[in-house]
Amino acid sequence: MSSYDLQLTVNGQPVSLLVEPQLLLVQLLREHLALTGTHVGCDTAQCGACTVLVGDRAIKACNMLAVQADGLSVTTIEGLSAKAGPLHSLQAAFKQHHGLQCGFCTPGMIMSACELLQNGVAADEREVAAALDGNLCRCTGYRGIVAAITETLAAAQQDSRGAV
Amino acid sequence: VAPFNYHRPGSVAEAVALLSARSEGKLLAGGQSLLPTLRLRLAAPTDLIDLGHIAELRGIRATADEISIGAMTRHNDVAASREIAQAIPALARLAGHIGDRQIRNLGTLGGSLANNDPAACYPAAALGLAATIRTSRRSVAAHEFLRGMYETCLDPDEIVTSVSFKIPSKAAYLKFMHPASRFALVGVFVAERAGEVRVAVTGAGLRGAFRSQALESALQHSFSVESIDAVAPDAEELSSDLHASADYRAHLIKVMARRAVAQMTAAD
């Protein structure tokens, strides 16, 4: 079984390393790159805690091989804002709306919402809740999560209209 | 996951060559069913052949009477396609409710059909819309392609390349979703095309998705919600497991069929 020469971009930084083909993307992020903000919840592609962006799409990093991301650009929760810098608009909204209880699902929730935000999705609370079909919050703290995402999407809509 | 060799062909011909040279090789499409299978070690292929970089397997083409979709087209791309939403809105809707958003960003049409999960949505659409499955060596009608539970007519070195769905005059797909897996506990696809009614059922059959002759002839006779009342699906041919009994599945088939027909007749 031969190793694979993997080249990809993670949070804007080029990454190049030899990996075993069976390595999962979430293992690459957490164990090789020490990006432990991406969580492993169920480890069976159901809970969405490991959600990251590959290109402009939200995917579950526990259900994708690292080699499938070869040549692509991966964004994790660590890539949304600088350590000492201001929070990303979604992070700020989650803080304001108390969109987390234990916080375990939060990185996945935010990365999942990121796809909606980047695609300029306009959605009311019901539609946001439906769009979170791939993310579970075991604290059942959905109200704050949905409110934070709905508000961020609406604000982005307003901004893009203002910019035209 | 047990170790395997990883291959990345750039064409269908190259993928076929790789596959035929390896007796324990497997194709990787979106991986959304395969990866959980590998992780449970229900399968341990020596070689994985990634179809993700073959341009000829992607894309959506519409003609006057059918929509042809490349095997590696992701569920979310089918759901978002303007051409499909116009020609077969029921198919776009079906694709948009498979699994969840993250799964739909990776999962593919060809992968779903080749896996032929007995509770998957696409097999119902393939039967309901008289689909033709194109492979690396032939064209096969959906009912010949789908052989049974997780079984197709594909040879060990054959690859699904595209699927053509006939455009119906109207169609609807109603799914009673398992709340955790989001697979169909029962899904019913009803389509009418050139005076012919097709009713395909997924999630319920002992041998995977099937067409219900009883519902088809009742609806052929009179296309109305009421004509479903007299039909009694045979529970003996339906699966029974911890999620639902065969009798309950028989009941759900009628409920989903009624809702599908109601949706189609309301649009008139």
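The following exercises, each with a worked solution, concern a predicted model with chains A and B.

**Exercise 1. Overall form of chain A**

Determine how many helices and strands chain A has, and in what order the elements run.

Solution.
1. Chain A contains five helices and five strands.
2. Read from the N terminus, its elements follow the order β-β-α-β-β-β-α-α-α-α.
3. The C-alpha atoms of chain A occupy a box of roughly 50 × 40 × 30 Å along the principal axes.
4. A compact globule of 164 residues would have a radius of gyration near 15 Å, and the 16 Å of chain A agrees with this.
5. Of the 164 residues in chain A, 52% are buried.
6. Among contacts in chain A with a separation of 6 or more, 59% are accounted for by residues 24 or more positions apart.

**Exercise 2. Overall form of chain B**

State what radius of gyration a compact globule of 268 residues would have, and set the value for chain B beside it.

Solution.
1. For 268 residues, the expected radius of gyration of a compact globule is near 18 Å.
2. Chain B has 18 Å, which agrees.
3. The C-alpha trace of chain B spans about 55 × 45 × 30 Å along its principal axes.
4. Twelve helices and 14 strands are present in chain B.
5. Buried residues form 57% of the 268 residues of chain B.

**Exercise 3. Surface and charge**

For each chain, give the accessible surface, the share supplied by carbon and sulfur atoms, and the numbers of positive and negative side chains.

Solution.
1. Chain A exposes about 7,700 Å², with 53% supplied by carbon and sulfur atoms.
2. Chain A carries 9 positive and 14 negative side chains, and the centres of these two sets are 8 Å apart.
3. The accessible surface of chain B is about 11,100 Å², and 51% of it belongs to carbon and sulfur atoms.
4. Chain B carries 28 positive and 27 negative side chains, and the centres of these two sets lie 6 Å apart.

**Exercise 4. The faces of helix α2 in chain A**

Identify the buried residues of helix α2 of chain A, and explain why they line one face.

Solution.
1. Helix α2 of chain A covers residues 89–96, and its buried residues are Leu90(A), Gln91(A), Ala93(A) and Phe94(A).
2. Viewed down the axis of α2(A), these buried residues fall within an arc of 165°, so they line one face of the helix.
3. The general background is that an α-helix has 3.6 residues a turn, so residues three or four places apart point the same way.
4. The face turned away from the buried side of α2(A) carries the exposed residues Lys95(A) and Gln96(A).
5. Just after α2(A), His98(A) adopts a positive phi of about 50°.

**Exercise 5. Contacts made by Ala148(A) and Thr106(A)**

Establish whether Ala148(A) and Thr106(A) are buried or exposed, and which residues each touches beyond four places in sequence.

Solution.
1. Ala148(A) lies in helix α5 of chain A, residues 142–163.
2. Its relative accessibility is 0%, under the 20% cut-off, so Ala148(A) counts as buried.
3. Beyond its neighbours up to four places away in sequence, Ala148(A) touches Ala93(A), Phe94(A) and His97(A).
4. Ala93(A) and Phe94(A) are among the buried residues of α2 in chain A.
5. Thr106(A) belongs to helix α3 of chain A, residues 106–118.
6. With a relative accessibility of 10%, Thr106(A) also counts as buried.
7. With residues up to four places away in sequence left out, Thr106(A) touches Phe94(A) and Leu100(A).
8. Phe94(A) is thus touched by Ala148(A) and by Thr106(A).

**Exercise 6. Positive phi in two loops**

Find where Asn11(A) and Ala45(A) lie, and classify the exposure of each.

Solution.
1. Most residues other than glycine have a negative phi.
2. Asn11(A), although not a glycine, has a positive phi of about 50°.
3. Asn11(A) sits in the loop between β1 (4–10) and β2 (13–19) of chain A.
4. The relative accessible area of Asn11(A) is 23%, and this residue is partly exposed.
5. Ala45(A), likewise not a glycine, has a positive phi of about 65°.
6. Ala45(A) sits in the loop between α1 (25–32) and β3 (51–54) of chain A.
7. At 9% relative accessibility, Ala45(A) counts as buried.

How values were computed:
Residues numbered from 1 in each chain as written. Chains lettered and ligands numbered in written order. Predicted model: local features only at pLDDT ≥ 70, side-chain atom pairs only at ≥ 80, totals over all residues. Heavy atoms only, no water. Helix = DSSP H or I, 4+ residues; strand = E, 2+ residues; numbered from the N terminus. Rg over C-alpha atoms; globule rule 2.2 N^0.38 Å. Buried < 20%, exposed > 50% of the residue type's maximum accessible area, 1.4 Å probe, protein only. Contact = heavy atoms within 4.5 Å. Areas by Shrake-Rupley, 256 points an atom, 1.4 Å probe, with all protein chains shown as cover. Lys, Arg positive; Asp, Glu negative; His and termini not counted. Charge placed at Lys NZ, Arg CZ, Asp CG, Glu CD. Arc of directions from axis to C-beta.
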